[in-house]
Amino acid sequence: MVNPDWWPGEDHEAFTIWAMENGVEAFGVTPARFPGRGLGMMATREIKKGEAVVQVPASVILTMEKLPSLFKDQFREGTAVQTILAAYFTCGSEEELEPYALWRKAWPTRQDFEDSLPLLWPRELGGLSWPDSETVAGENGQPDLPQLLPPCISGNWSTTQKGVGFKEYECEHQKLLPAQQMRLSKAWADVTAAIPEIDWKSFSYHWLILNTRSFYWVAAGQEPPEDRNDAMAMLPFADYFNHADIECDVKFDEDGYTLRATEDYNEGDEVYMSYGGHPNDLLLAEYGFVLEKNDSDSLYLDDIIFRDLNSRDKQEELWLNQYYGNYQLISQGVCYRTEVAAALVYMSEEDWRNHVLEGSTKGLDEAKSETIIKGWIRTYAAEADAAMVSIREAMQSHAVMRAHRQKAETLLRRWSQIKSICESALVAIDL
């Protein structure tokens, strides 16, 4: 008899049968519904670390190479693989898409994305305005709630004036929502240039499916693309695995993908795979969840540091000596880049340059550096305190927050984690 507590439902059961009939192999795992956590992969027996749990043959992996040339050729040069695959799921013929019908029924719905991804949240909660978005605005047509998303996601602050950086640099784990907006906006421009009549709601849904469920893939004999995001494939059945902060043992070759357990599991446990070592802000922005335990969690102090290092000359020193940006804060303290930036606040540029290039200690005052770093961390902690107060008050008084209580609770949980990182780092610096 099927246990109703974990049975995933008819659509998932039908898709699992299809996957096995088409060469996917599962060794002791099955899709299951975990109360309070949604769908994932459950162990049906005892599993030992290193055992293969799923194998997906190349024959069922969907890549760009399997799309009809006539469809691909309509897109202009430089169009992302993700855009073309999303357009294919949106506009491909019924006959072409029929083999994927059962798989597509097992995907999350657009409502699932609207519930979990800040990109689609109401503007009052920090989301963005899209062609199909609906928002309840304040009296002057503007949201009447303060900035509620964490700064690494939104790129904005409520309690402090962020500094201005005079140089462009790669910041993979910062300003995540603006980066998503740029990617999706470019995707929409590229796809409408090829298919003007395409439906926004359907295309953006499939774009998010690709964004949250694809795997890294490079075909045999091919060089990895310049943009890592273009090395993209869809793996039926393997996309049931949820993420945890664990080791990763996922390998592919010309025959397909093999996923192995990276720890021991008992029957009935949820079996996880790693999406990579990502901080919780990125997991929330890209996948719509945060982990309770995440050794890869971190914050970034760039906006606060550039507020104090606001002269072009000092920022030029950071840039020329390769210490510009990506100032990481973790529970154990700050990175060396942050320590170097703190010294530049009070040292002369010549002394600082001799310090970072030659190890000179002239002008270096570790007590001053520590005080400056603690001030930066306390600024972040104050932002967390203010955000949590605002969210709790809004949950009582604001109609939008009452209507989106689950999102508000996710934000509270994330801000609490941020405050904890700051507090732990301050303690670590004092040791």
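Throughout these legends, a residue is called buried when its relative accessible area is under 20%, exposed when that area is over 50% and partly exposed in between, using a 1.4 Å probe and protein chains only. The views show a predicted model, in which local features need pLDDT of at least 70 and side-chain atom pairs count only at pLDDT 80 or more, while totals for chains, interfaces and linings use all residues. Residues are numbered from 1 along each chain as its sequence is written, and side-chain values use heavy atoms, with hydrogens and water left out.

**View 1. Domains of the chain and the contact between domain 1 and domain 2.** The bounds come from an automatic or database domain assignment, which divides the chain into domain 1 (10–61 + 235–287), domain 2 (64–129 + 147–233) and domain 3 (299–428). Between domain 1 and domain 2 the C-alpha centres are 22 Å apart. The contact, meaning heavy atoms within 4.5 Å, involves 29 residues from domain 1 and 27 residues from domain 2.

**View 2. The largest cavity, set between domain 2 and domain 3.** A cavity is here a set of points on a 1 Å grid over the protein atoms alone where a 1.4 Å probe fits but cannot get out, and its lining residues have an atom within 4 Å of a point. Grid points are joined across faces, edges and corners, and the volume is the space filled by probe spheres set on the points. One cavity of 30 Å³ or more is found in the structure, and the volume of the largest cavity is about 40 Å³. Its lining consists of Pro151, Cys152, Trp157, Gln174, Lys175, Tyr300, Asp303 and Tyr380, which divide by class into five nonpolar, one polar and two charged residues. In that scheme Ala, Val, Leu, Ile, Met, Phe, Trp, Tyr, Cys and Pro count as nonpolar, Asp, Glu, Lys and Arg as charged, and the others, Gly among them, as polar. Because domain 2 and domain 3 both give residues to this lining, the largest cavity lies between them.

**View 3. Two residues with positive phi, Lys175 and Gln322.** Most residues other than glycine have a negative phi. Lys175, although not a glycine, has a positive phi of about 50°, and this residue, which also belongs to the lining of the largest cavity, sits in the loop between helix 7 (151–154) and helix 8 (176–194). Helices (H or I, at least four residues) and strands (E, at least two) are DSSP runs, numbered from the N terminus. With a relative accessible area of 29%, Lys175 is partly exposed. Gln322 is likewise not a glycine and has a positive phi of about 65°; the loop that holds Gln322 runs between helix 12 (312–320) and strand 12 (328–330), and its 64% relative accessibility makes Gln322 exposed.

**View 4. Aromatic pairs, with Phe89 and Trp107 as one of them.** Rings of Phe, Tyr and Trp (its six-membered ring) pair if their centres lie within 6.5 Å, and planes under 30 degrees apart count as stacked, over 60 as edge-to-face and the rest as tilted. By this rule there are 28 aromatic pairs. The ring centres of Phe89 and Trp107 are 5.0 Å apart with planes at 85°, so this pair is edge-to-face. It joins distant parts of the chain, 18 residues apart, with Phe89 in helix 3 (residues 81–91) and Trp107 in the loop between helix 5 (101–105) and helix 6 (110–116). Both Phe89 and Trp107 are buried. Trp319 and Tyr324 also form an edge-to-face pair, because their ring centres are 5.5 Å apart and their planes lie at 80°; Trp319 is partly exposed at 35% relative accessibility, whereas Tyr324 is buried at 5%. One aromatic cluster is made up of Phe71, Phe75, Tyr88, Phe89, Tyr100, Trp103 and Trp107.

**View 5. Surroundings of Thr83 in helix 3.** With a relative accessibility of 2%, Thr83 is buried. When residues up to four places away in sequence are not counted, Thr83 touches Ala187, Asp190, Val191, Phe203 and Trp207.

**View 6. Helix 10 (residues 280–287), largely enclosed by the rest of the structure.** This description holds because seven of the eight residues of helix 10 are buried, namely Asn280, Asp281, Leu282, Leu283, Leu284, Ala285 and Glu286. After helix 10 comes Gly288, with a positive phi near 85°.

**View 7. Ala342 in helix 13 (residues 336–346).** Ala342 is buried, with 0% relative accessibility. Leaving aside neighbours within four places in sequence, its contacts are with Ser369, Ile372, Ile373 and Trp376. Leu301 is 41 residues from Ala342 along the chain, and the C-alpha atoms of these two residues are separated by 11 Å.

Definitions and conventions. 1 Å grid on protein atoms, 1.4 Å probe; cavity = no way out; pocket = protein on both sides within 12 Å on 5 of 7 lines; lining within 4 Å.
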